[in-house]
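Visitor: I've got a model open and would like to talk it through. Can you walk me around it?

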Amino acid sequence: KRAQVKEAEAQARAESKNKKYSKKEMIITAFLICATIVLSIFCVYNIFFVVRSITVEGNERYTTEQILASAKINVGDKLYSFSSRIAEDDIKMYCPNVKDIKVKRTPPGKIIVTVEEEEAYYYADFYGEIRAMTKDLRVLGGLSEAEAAELIKIKLPEVSRAVAGEIVIFKEGECKYVYEVALAAAESALVNRLGTVDLRNQNDVSVTCDGKYILKL
């Protein structure tokens, strides 16, 4: 009986030892499988999900190089190494004529940047620099004299803030009439015949037309 007990104990110890080894092997196997999966994903990401082509659509005022330099996106970058939202915000910051922008990834390695630019209607002198403006008086990029000649000159009340990409703010505070008249003039049937819109004085608003008529509002 004593021999049987010892044999049973020995067998139990052997089974326990085998279970320990089996559990250890399972842990090692699971670790190796996970490591293989992670390594595979890493290799696939670094080899296949790389920016190989970038297309910019809808841009007229800005070149493709200017758009991409603003977005800080380059061929060779990892496809998911940057934030689309941040890239879009950066483009709007450095390219104020851009109204809307969409950066779209197309795996495994293509990016399409779709640009919608603002249409300029007016120009004004801000701090010694000629800048274009939209019909709702959002300040756009700088202009040459030749480019300004294609737009309507607008004379404004004293300006408090004129930042590219933002609507101009006036020192007088309440200048609602300025925005309303500017918008109405830009959307009127006379828009292609207007020369200067003078909005400096709410009680003396005037618009020149065809270079010889003055419309008093």
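Guide: Here are some questions and answers about this predicted model.

Visitor: Let's start broad: what percentage of the residues is buried?
Guide: The chain folds into five helices and 12 strands. It has 217 residues, and the buried share of them is 33%.

Visitor: Which helix supplies the largest share of the largest nonpolar core?
Guide: That core holds 28 residues, and Tyr122, Met133, Leu137 and Ile154 touch the most other members. At least two residues each come from strand E4 (122-126), E7, helix H5 (176-186), strand E10 (194-198) and strand E11 (206-209). The largest share is six residues, and the helix behind it is H5.

Visitor: Do tell me about that helix: how wide is the arc that holds the buried residues of H5?
Guide: The buried residues are Tyr177, Val178, Val181, Ala182, Ala185 and Ala186. Looking down the axis of H5, they line one face of the helix, because they fall within an arc of 155°. In general, an α-helix has 3.6 residues a turn, so residues three or four places apart point the same way. As for the arc in H5, the value is 155°.

Visitor: And what about Leu156, is it buried or exposed?
Guide: Leu156 sits in the loop between strand E7 (152-155) and strand E8 (159-161). Its contacts beyond four places in sequence are Ala124, Phe126, Met133, Leu137, Phe170, Val178 and Arg200. Its relative accessible area is 13% and the cut-off for burial is under 20%, so Leu156 counts as buried.

Visitor: How far apart are the C-alpha atoms of Leu156 and Asp198?
Guide: Along the chain, Leu156 and Asp198 are 42 residues apart. In space, the separation of their C-alpha atoms is 6.8 Å.

Visitor: Over to the open sheet of three strands: which are its edge strands?
Guide: The strand order is E1-E3-E2, with mixed pairing. An edge strand pairs on one side only, and that picks out strand E1 (53-57) and strand E2 (98-106).

Visitor: How many bridges join E2 and strand E3?
Guide: Strand E3 covers residues 110-117 and pairs with E2 in the antiparallel sense. Lys104 stands opposite Ile112 in E3. The number of bridges between E2 and E3 is eight.

Visitor: Which helix packs on the sheet with a direction about 150° from that of E2?
Guide: Helix H2 (residues 64-71) touches E1, E2 and E3, and its direction makes about 115° with that of E1. The helix that touches E2 and E3, with about 150° to the direction of E2, spans residues 84-94 and is H3.

How values were computed
Residues numbered from 1 in each chain as written. Predicted model: local features only at pLDDT ≥ 70, side-chain atom pairs only at ≥ 80, totals over all residues. Heavy atoms only, no water. Helix = DSSP H or I, 4+ residues; strand = E, 2+ residues; numbered from the N terminus. Buried < 20%, exposed > 50% of the residue type's maximum accessible area, 1.4 Å probe, protein only. Contact = heavy atoms within 4.5 Å. Core = buried A, V, L, I, M, F, W, Y, C linked by side-chain atoms within 4.5 Å. Arc of directions from axis to C-beta. Pairing = 2+ DSSP bridges. Axes fitted to C-alpha atoms, helices over the stretch in contact; angles between N-to-C directions.
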